[in-house]
Amino acid sequence: MRLLRHLTGRHRTTVTNRTLGLLLAFNAGAINAGGFLVVHMYTSHMTGFLSLVADNLVLGNMTLVLSAIGTLWAFMSGAGSTAILVNWARHQHLRSGFALPLLLEAVLMLLFGLMGAITLGWRTPFAVPLTVLLLAYIMGLQNAVVTKMSSAQIRTTHMTGIVTDLGIEMGKALYWNRSGTPRESQVHANKTRLRMFASLLGMFTAGGVVGAAGFKYVGFIWVVPLASILLALSLPPLAADRQRLAQLWRARRAPAPAEDAPARR
């Protein structure tokens with residue numbers, strides 16, 4: 001319980017950031033790959049959606065432009081929701097700032113798992129089903145959580161930056177330092193970063209395999225175990241804040257003090 005509380009708690013360390021990043025990379029890979037089998041879109045791939053907007057503006061296919069804009073909006077809204085929750089918790093002196101968006105993500109994943117087949121056909125103003133917007137919103141939520149908690153050092157929902165950083169460190173590791181080169185001028189790989197990037201890539205890939213297999217052979221309900229992991233991560237810090245949250249709830253529901261009645265003449 002203490003370990004789980006620290007993973008999503010307010011005070012961050014390199015170990016907790018890396019551990020949480022790995023768990024969420026697995027989750028992101030599972031949702032991204034599994035979601036593709038359902039909606040035929042990788043809903044964390046914002047680069048692709050921006051390219052989709054540009055290409056179809058030229059081709060004149062406004063339906064695809066609208067669908068891409070809707071998905072981009074949903075992803076950004078998820079990231080914005082995380083920022084609101086984390087900053088609100090900080091101002092209220094809560095320890096569960098990073099747990100709140102993960103709890104919201106878990107609830108939305110449970111709804112997706114239980115109602116995915118129904119929402120798949122629900123149309124939206126953005127020419128894509130509600131399921132697509134929901135998955136993009138979830139990916140935005142999660143990516144912003146990891147970005148804020150690691151000061152933008154770790155990403156979990158897309159691997160372009162991870163693969164780039166991994167390639168840089170591999171290039172440093174393979175660099176030939178000529179004999180006699182001063183030590184301060186030698187090129188060396190950062191082994192800690194190399195292991196972290198390789199681990200994130202591996203966990204995302206493993207999550208993708210598990211998610212794709214789960215959606216293929218089990219169906220939408222396969223999301224429930226993934227949501228349960230997020231619940232396990234988010235509930236301990238929230239439990240530690242239960243008294244403070246109860247105080248905030250009572251203060252919000254308390255009636256405003258009545259204004260003084262006007263003095264009689």
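Here "buried" means under 20% relative accessible area, "exposed" means over 50%, and "partly exposed" is whatever falls in between. With that in hand, Arg95 counts as partly exposed because its relative accessibility is 41%. Keep in mind that this is a predicted model. It has 10 helices and zero strands, and the points below go from the overall picture to one helix, a surface patch, the salt bridges and a buried asparagine.

**The overall picture**

- Reading along the sequence, you get α-α-α-α-α-α-α-α-α-α.
- The protein has 265 residues, and 41% of them count as buried.
- Take the contacts between residues at least 6 apart in sequence: 73% of these join residues at least 24 apart.
- About 14,900 Å² of the protein is exposed, and carbon and sulfur atoms supply 64% of that area.

**Helix H3, side by side**

- H3 covers residues 46-59, which makes 14 residues.
- From its first C-alpha to its last, H3 reaches 20 Å, close to the 20 Å expected at 1.5 Å a residue.
- Its buried residues are Met46, Phe49, Val53 and Asn56.
- Those four sit on the same side of H3, because they cover an arc of only 90° around the axis.
- Helix H4 (62-91) is included in what covers the buried residues of H3.
- Turn to the face pointing away from that buried side and you find the exposed residues Thr47, Val58 and Leu59.
- Right after H3 comes Gly60, with a positive phi near 80°.

**A nonpolar patch on the surface**

- Val107, Leu111, Leu114, Met115, Tyr217, Val218 and Ile221 make up a nonpolar surface patch.
- Together they offer about 670 Å² of accessible area.
- Helix H5 (residues 99-119) is the biggest giver here, with four residues in the patch.
- Ile221 comes from the loop between helix H8 (191-217) and helix H9 (223-240).
- Its relative accessibility is 42%, so Ile221 counts as partly exposed.

**Salt bridges: a pair across the chain**

- The protein's salt bridges come to three, going by a side-chain nitrogen of Lys or Arg within 4 Å of a carboxyl oxygen of Asp or Glu.
- One of them joins Asp241 and Arg95, whose closest N and O atoms are 3.3 Å apart.
- This pair links distant parts of the chain, with the two positions 146 residues apart in sequence.
- Asp241 belongs to the loop between H9 and helix H10 (242-253), while Arg95 belongs to the loop between H4 and H5.
- Asp241 has a relative accessible area of 2%, so it is buried, whereas Arg95, at 41%, is partly exposed.

**Salt bridges: a network around Glu169**

- Glu169, Lys172 and Arg193 are linked in a network of salt bridges.
- Lys172 and Glu169 meet through their side chains, at 3.7 Å from N to O.
- Both of these residues lie in helix H7 (residues 160-174), three residues apart, or about one turn of the helix.
- Arg193 also bridges to Glu169, with the closest N and O atoms 3.5 Å apart.
- Arg193 lies in helix H8 and Glu169 in helix H7, so this pair ties together parts that are 24 residues apart in sequence.
- Glu169 counts as buried because its relative accessibility is 2%.
- Lys172 has a relative accessible area of 32%, so it is partly exposed.
- Arg193 counts as partly exposed too, at 34% relative accessibility.

**A buried asparagine in helix H2**

- Asn17 is found in helix H2, which takes in residues 14-39.
- With a relative accessible area of 12%, Asn17 is buried, because the cut-off for that is under 20%.
- Set aside its neighbours within four places in sequence, and Asn17 is in contact with Arg12, Met149, Ser150 and Ile154.

Definitions and conventions. Residues are numbered from 1 along each chain as its sequence is written. This is a predicted model: local features need pLDDT of at least 70, side-chain atom pairs count only at pLDDT 80 or more; totals for chains, interfaces and linings use all residues. Side-chain values use heavy atoms; hydrogens and water are left out. The expected span of a helix is 1.5 Å times one less than its number of residues. Buried means under 20% relative accessible area, exposed over 50%, partly exposed in between (1.4 Å probe, protein chains only). The arc is that of the directions from the helix axis to the C-beta atoms. Contact means heavy atoms within 4.5 Å. Accessible areas come from the Shrake-Rupley method with a 1.4 Å probe; for residues, only the protein chains shown count as cover. Patches are made of residues with over 30% relative accessible area and no salt bridge: like charges are joined within 9 Å, nonpolar side chains (Val, Leu, Ile, Met, Phe, Trp, Tyr) within 5 Å.
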